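Q: Hey, could you walk me through this structure? I'm new to this, so please keep it plain.

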Amino acid sequence: MTDHANSRRPKRGSYRPKPETLALLQVSGNPINGVGETTPRRPSPFFWHPPDQHPWGGLQIVARESSRKCPGSVSAFQAAYNYPELIPVADVRSEQSPEQLSLNLMRVALEHEADDVGIAPMDPLYVFEGYTINEPWVIVLALAHNYERLKEVPSDETNGVGVCDVGDQYAKGTRSSYALANWIRSQGYNAHPYPGPSAGALALIPPAIAAGLGELGKHGSLISRHFGSGVRLAGVTTDMPLVATAPDRFGADEFCATCQICTNACPPGAILPQKQMVRGVERWYVDFDKCIPYFAEASSCGICIAECPWTRPSVRPKLLATMARRLDL
Ligand code: SF4
Ligand code: SF4
């Protein structure tokens with residue numbers, strides 16, 4: 001048990017989904033995610049897409065309701081759904097070079113609440129089935145959690161601190177992605193924002209990894225060298241000519257191979273100890289059928305990202321140094 005464990009966290013193995021939660025589980029989510037498939041394909045729309053688009057829509061409604069029962073969370077998430085207007089694309093295009101436009105774009109993003117920013121060329125595999133994105137570039141924005149607030153998860157009717165920080169980061173992502181899209185439009189190029197927490201056309205973690213914002217952790221979330229697992233994402237797609245940022249390898253993947261902190265902290269035991277083949281890629285994977293019932297009942301959960309040692313500001317620099325030595329990075 002860590003120094004910041006709290007009484008709202010059931011011990012691993014002691015959690016059982018409520019009967020009404022189990023009644024909503026009609027089909028396994030793992031085949032929908034493509035577990036066991038050896039051929040790459042686009043992801044299927046699933047959790048946080050509109051609830052009538054996937055068979056777990058009923059549980060998604062429960063998840064949303066349980067998070068909104070926590071003090072402060074309604075206004076926190078309302079801010080995330082408060083979309084600014086997009087301006088028309090300017091008639092005259094900036095003639096600056098892709099290098100200069102990329103630098104300017106990153107500066108604008110960091111001036112508008114983004115905590116990190118990366119650029120990746122679009123890959124059709126980033127786009128959910130049934131959606132279309134025509135722009136050739138993806139910009140991914142990282143929004144860092146407040147660790148002191150995040151470690152209060154899970155939330156409930158008595159304590160909404162953790163889930164409110166989730167809502168606050170998504171609200172930052174909405175403001176930041178719209179501000180960046182509008183700046184790009186002011187330069188004469190098209191741009192579309194893709195903030196969370198609702199899912200849209202764009203899957204955000206794969207381009208975030210390609211753009212150097214972090215590595216995939218055993219808990220299925222991004223680990224950033226700057227913020228650990230305490231990070232949320234938003235995206236912007238554009239036809240502005242840009243220069244890609246490089247992937248960042250700092251040893252998170254290798255560290256996960258022997259670390260079991262999130263595995264042991266996860267109440268339903270959903271975090272798988274070995275990588276799985278998922279849509280043609282061998283990667284860390286969380287058992288959807290075990291995670292989501294607890295996630296829905298526990299107001300967004302978040303225990304795995306809060307417990308990850310990379311998330312702890314006092315620990316992260318030591319881990320970076322250790323892994324740099326071990327891997328000769
Ligand atoms: S979010 Fe899911 S995987 Fe992470 S600790 Fe909670 S139940 Fe486990
Ligand atoms: S807690 Fe450990 S195993 Fe889990 S994601 Fe973090 S480093 Fe990886």
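What follows is a short chat about the helices, ligands and backbone of this structure.

Q: What should I know before we start?
A: This is a predicted model: local features need pLDDT of at least 70, side-chain atom pairs count only at pLDDT 80 or more, and totals for chains, interfaces and linings use all residues. Residues are numbered from 1 along each chain as its sequence is written, while chains are lettered from A and ligands numbered from 1 in the order in which they are written.

Q: Cool. Which residues are around ligand 1?
A: They are His 219, Cys 266, Pro 268, Ala 270, Ile 271, Val 286, Cys 291, Tyr 294, Phe 295, Cys 301, Ile 303 and Cys 304. Being near a molecule or strand is judged by the C-beta atom, placed from the backbone, which has to lie within 6 Å of it.

Q: And which helix gives the most to that shell around ligand 1?
A: Helix H11 does, with 3 residues. H11 and helix H12 (303-307) each supply at least two residues there. Helices (H or I, at least four residues) and strands (E, at least two) are DSSP runs, numbered from the N terminus.

Q: How many nonpolar, polar and charged residues does the shell around ligand 1 have?
A: It has 11 nonpolar, 1 polar and no charged residues. Ala, Val, Leu, Ile, Met, Phe, Trp, Tyr, Cys and Pro count as nonpolar, Asp, Glu, Lys and Arg as charged, and the others, Gly among them, as polar.

Q: Now ligand 2. Which of the 13 residues around it come nearest?
A: Those are Gly 217, Cys 256, Cys 259, Cys 262 and Cys 308. Helix H9 (252-258) and helix H10 (261-265) each supply at least two residues of the shell around ligand 2. Sorted by class, that shell has 8 nonpolar, 3 polar and 2 charged residues.

Q: Back to H11. At what angle does it cross helix H3?
A: The axes of H3 (residues 57-68) and H11 (residues 288-297) cross at roughly 35 degrees and come within 7 Å. Axes are lines fitted to C-alpha atoms, for helices over the stretch in contact, and angles run from 0 to 180 degrees between N-to-C directions.

Q: Which residues meet there, between H3 and H11?
A: From H3 there are Leu 59, Val 62, Ala 63 and Ser 66, and they meet Ile 292, Phe 295, Ala 296 and Glu 297 in H11. The split is 6 nonpolar, 1 polar and 1 charged. Contact here is when the C-beta atoms of two residues, placed from the backbone, lie within 7 Å.

Q: Let's switch to H4 and H7. How do their axes sit?
A: The axes of helix H4 (residues 73-80) and helix H7 (residues 161-186) come within 7 Å and cross at roughly 20 degrees. So H4 is roughly parallel to H7. Angles under 35 degrees count as roughly parallel, over 145 as roughly antiparallel, 65 to 115 as roughly perpendicular and the rest as oblique.

Q: Is the crossing of H4 and H7 left-handed or right-handed?
A: The crossing is left-handed. A crossing is left-handed if the near helix is turned anticlockwise from the far one by less than a right angle, and right-handed if clockwise.

Q: How about H5 and H7, what angle do they pack at?
A: About 145 degrees, with the axes of H5 and H7 9 Å apart. H5 makes a right-handed crossing with H7. Leu 105, Val 108 and Ala 109 of H5 make the contact with Ser 176, Leu 180, Trp 183 and Ile 184 of H7.

Q: Any odd backbone spots? Where is Ser 299 found?
A: Ser 299 is in the loop between H11 and H12. Its phi is positive, about 50 degrees, although Ser 299 is not a glycine. Asp 328, in the segment after helix H13 (316-327), also is not a glycine and has a positive phi of about 55 degrees.

Q: Why does Ser 299 count as buried?
A: Because Ser 299 has 27 C-beta neighbours inside 10 Å. A residue is buried if 20 or more other C-beta atoms lie within 10 Å of its own, exposed if 12 or fewer, and partly exposed in between, with C-beta atoms placed from the backbone. Asp 328 has 5 such neighbours, so it counts as exposed.

Q: Last one: which residues does a cis peptide bond join?
A: One cis bond joins Val 153 and Pro 154, with omega about 0 degrees. Another joins Gly 196 and Pro 197, again with omega about 0 degrees.
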